[in-house]
Amino acid sequence: MVCFCKQPAAAIPTFIRPSFSMALPQVPLQMQLAVALPAITPENRLDMQIGAYLGNLNLPTISMPNSGLFQIAPMLALVAGTFPLMDLPALELSLQQMGDTMMTHVWPHLGWLTSLKIGPLLNFALAARLVLDLRALGIDPFDMSYTMPRVSYPGHHFRMSMPMPQLHMARLLLGLPSLFSLTETFQLPTLGDDGSFPGLFSALHRLASVRPPQLGITLPQLTKLALVLNALATIKMAFGDPGLMGAGLAPIRAMMRFWGALPFPMPPMPALALNAQLDALPSLESIQLGEGMVSPSILAPLMGFSMPQIGFLPVANLMLGLSASLQLVLDMDPLDPCALCPFS
């Protein structure tokens, strides 16, 4: 379970204070384009690779179920690694313990972060994310001798090559491994075997009866806190503690002004729009994994299933995000149950 009492969040104000400055220029399109270029070149186009793979498959006629199960399965699989989904009383108790420790040890110290203006913070976090992505490509964004590569790219290649049926097929195949993991979580027969679907549907309806933890703040407030901490964690990964304290803003501003003055090697907006579509695609490896699982006996029972609303999932996922962001921002050990927790 997630517990916030081992490492009090009181250490955060030593890094970030209400006077924390986020005044940066708008992130240059050139930085975004430099990150996008490798993914949209013909030899690297993920849509072309997936389209070619799906075009050679002889799969049964299937369509994306409208039940929401494929959307909820990855979230449940993530939560299953932390919370006791098979023991509903223990699940409710762990959710409430998580909420109580968050309200006692985190919110009193960090609640003020929700008063930060979200626009400048997200702009800062976007710059940080792009710095990390450029470094992963072997590009030093602070190298003032960098030049944008020359690219000759026909305009029609900025269109997604996959037709809508292939997109549906790719997303469906992506969801199958998460469904299989759920049958393991609930100790059920393998998906498609006798008893697997009735057992899965019964387990999901039982989870729908679990109450979210009672908090002293609203879900939008908790969502904004998680968003702010995630942004701060990204900033720290890119720029270190000086970025969080405002001391490192001058070189960051200079770096962004340098990128903003670089000439564009191609029309940026179509390239960035294509890159966003490619980013939303599942990996070819995930599709291949799902294709090895698909059969009519697996998919048919899913078509008419009505997914129950599992009310605790949004809060549980936000708490997991808070825990991960706090670890990054504070350089502390993972949050574990302390001696006060019934699960220690």
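A residue is taken as buried when its relative accessible area is under 20%. By this criterion Leu-76, at 0% relative accessibility, counts as buried in the predicted model described here. Leu-76 belongs to helix H3, which covers residues 69-80. Beyond its neighbours within four places in sequence, Leu-76 is in contact with Leu-85, Leu-182, Leu-204, Leu-207, Ile-310 and Leu-313. The surroundings of Leu-76 also bring together distant parts of the chain: its C-alpha atom is separated by 9.9 Å from that of Ala-316, although the two residues are 240 residues apart along the chain.

One of these contacts, Leu-207, was examined in turn. Leu-207 is placed in helix H8 and, at 0% relative accessibility, likewise counts as buried. When residues up to four places away in sequence are not counted, Leu-207 touches Leu-76, Leu-85, Leu-88, Leu-91, Phe-186, Ile-310 and Phe-312. A separation of 8.6 Å was computed between the C-alpha atoms of Leu-207 and Gly-311, which lie 104 residues apart along the chain. Leu-85 and Ile-310 thus appear among the contacts of Leu-76 and again among those of Leu-207.

At the level of the whole chain, 15 helices and zero strands were assigned. Of the 344 residues, 47% count as buried. Among contacts with a separation of 6 or more, 89% are accounted for by residues 24 or more positions apart. The mean pLDDT of the chain is 84, with 86% of the residues at 70 or more. Confidence is highest in helix H6 (residues 118-136), at a mean of 95, and lowest in helix H14 (residues 296-299), at 68. Where pLDDT is low, the predicted coordinates should not be read in detail.

Helix H6 was considered further. Its 19 residues should span 27 Å at 1.5 Å a residue, and this agrees with the 27 Å between its end C-alpha atoms. The buried residues of H6 are Leu-121, Asn-123, Phe-124, Ala-125, Ala-127, Ala-128, Leu-130, Val-131, Leu-132 and Leu-134. The elements covering these buried residues include H1, helix H9 (219-239), helix H10 (241-245) and helix H11 (249-260). Just after H6, a positive phi of about 85 degrees is found at Gly-138.

H6 also contributes to the largest pocket, with at least two residues of the lining supplied by each of helix H1 (29-40), H6 and helix H12 (268-279). The space in this pocket amounts to about 350 Å³. Its lining comprises 17 residues, of which Val-35, Ala-36, Asp-133, Asn-275 and Asp-279 are the closest to the centre. Classified by residue type, the lining of the largest pocket contains eleven nonpolar, three polar and three charged residues.

A further backbone feature occurs in the loop between helix H7 (164-185) and helix H8 (196-207), where Gln-187 is found. Most residues other than glycine have a negative phi. Gln-187, which is not a glycine, nevertheless has a positive phi of about 55 degrees. In contrast to the buried Leu-76 and Leu-207, Gln-187 counts as exposed, its relative accessibility being 64%.

How values were computed:
Residues numbered from 1 in each chain as written. Predicted model: local features only at pLDDT ≥ 70, side-chain atom pairs only at ≥ 80, totals over all residues. Heavy atoms only, no water. pLDDT = per-residue confidence, 0-100. Helix = DSSP H or I, 4+ residues; strand = E, 2+ residues; numbered from the N terminus. 1 Å grid on protein atoms, 1.4 Å probe; cavity = no way out; pocket = protein on both sides within 12 Å on 5 of 7 lines; lining within 4 Å. Points joined across faces, edges and corners; volume = space filled by probe spheres on them. Nonpolar A, V, L, I, M, F, W, Y, C, P; charged D, E, K, R; others polar. Expected span 1.5 Å × (residues − 1). Buried < 20%, exposed > 50% of the residue type's maximum accessible area, 1.4 Å probe, protein only. Contact = heavy atoms within 4.5 Å.
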